[in-house]
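Biologist: I should like to examine how certain labels are assigned in this model. Please set each value against its criterion.

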Amino acid sequence: MAGYLAALTIVLFLGLVITRLIMLRRRGITALHFGNIDKKDFLLPPFALVYFYVVFAAAFGWPLVAAPRFFHSDAIGWLGVALCAGGLLFVVLSLVSFGTSFRVGIDVEHPDKLVTTGVFAVSRNPIYVGFALVLLGQFLVFPSWILLLYLIAGFWLFNRQVLREEAFLRQHYGREYTEYCGRVRRYL
């Protein structure tokens, strides 16, 4: 059961983001700016698809190459499910707080207002905290070397993107953003 819930997290997570993108598009807001600044970002989707397959394969018993588990513990698996749920909660709270400011990628042409309220009063990057909690939770449910590599790479990629976004925000919003950074931590 824990495995099914961990796999469901991916579906819910993607559903939330895609729904928000569609809602913004209907309001005339182009929120998808993935790869506009760094074309290497387009290398990420194939790796994400492999990740999705690994999680679903582990959950549903599909064929998977060399994926022995490091350990098997129902308690740790359920802790992983709780982290997945917490990650989804961070994503939902982020999307609510973002309002129409939500973007996938950096929108250099039409950035919206700086969001500092809601969950952004606790973390400057709550959506990445949510992503990270989901990755960690899924690793705990399916503790294999493949998901460990994805966990490490995911943390590195999230931090890389956060640093790129922060450089843009610092340049665009100036003192307002600098003061916000003084009040609120980057992650938690």
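**Labels and their grounds**

Modeller: In this predicted model, Phe102 is in contact with Val17, Arg20, Leu21, Leu24, Ala31, Leu95 and Ile127, neighbours within four places in sequence being left aside.

Biologist: Which residues touch the most other members of the largest nonpolar core?

Modeller: Of its 48 residues, these are Tyr51, Val55, Phe102, Phe142 and Leu147. Elements giving two or more residues to this core are H1, H2, H3 (74-98), H4 (126-141), H5 (145-173) and H6 (175-183). H4 supplies the largest share, nine residues.

Biologist: Why is Leu5 called partly exposed?

Modeller: Leu5, which lies in helix H1, has a relative accessible area of 31%. Buried means under 20% and exposed means over 50%; the value for Leu5 lies in between, and therefore Leu5 is partly exposed.

Biologist: What makes Leu5 eligible for a surface patch?

Modeller: Patch residues need over 30% relative accessible area and no salt bridge. Leu5, at 31%, passes the area cut-off and belongs to a nonpolar patch that also includes Met1, Tyr4, Trp62 and Trp78. Together, the members of this patch have about 980 Å² of accessible area. Helices H1 (2-26) and H2 (44-60) each give two or more residues to the patch, and H1 gives the most, with five.

Biologist: How do you know that Pro111 counts as partly exposed?

Modeller: Pro111 has 25% relative accessibility. This value is neither under 20% nor over 50%, so Pro111 is partly exposed. Pro111 is placed in the loop between H3 and H4.

Biologist: Which residues is Pro111 in contact with, leaving aside neighbours within four places in sequence?

Modeller: They are Phe168, His172 and Tyr173. The C-alpha atoms of Pro111 and Leu169 are separated by 9.4 Å, with the two residues 58 apart along the chain.

Technical notes
Residues are numbered from 1 along each chain as its sequence is written. This is a predicted model: local features need pLDDT of at least 70, side-chain atom pairs count only at pLDDT 80 or more; totals for chains, interfaces and linings use all residues. Side-chain values use heavy atoms; hydrogens and water are left out. Patches are made of residues with over 30% relative accessible area and no salt bridge: like charges are joined within 9 Å, nonpolar side chains (Val, Leu, Ile, Met, Phe, Trp, Tyr) within 5 Å. Accessible areas come from the Shrake-Rupley method with a 1.4 Å probe; for residues, only the protein chains shown count as cover. A salt bridge is a side-chain nitrogen of Lys or Arg within 4 Å of a carboxyl oxygen of Asp or Glu. Helices (H or I, at least four residues) and strands (E, at least two) are DSSP runs, numbered from the N terminus. Buried means under 20% relative accessible area, exposed over 50%, partly exposed in between (1.4 Å probe, protein chains only). A nonpolar core is a set of buried Ala, Val, Leu, Ile, Met, Phe, Trp, Tyr and Cys residues joined through side-chain atoms within 4.5 Å. Contact means heavy atoms within 4.5 Å.
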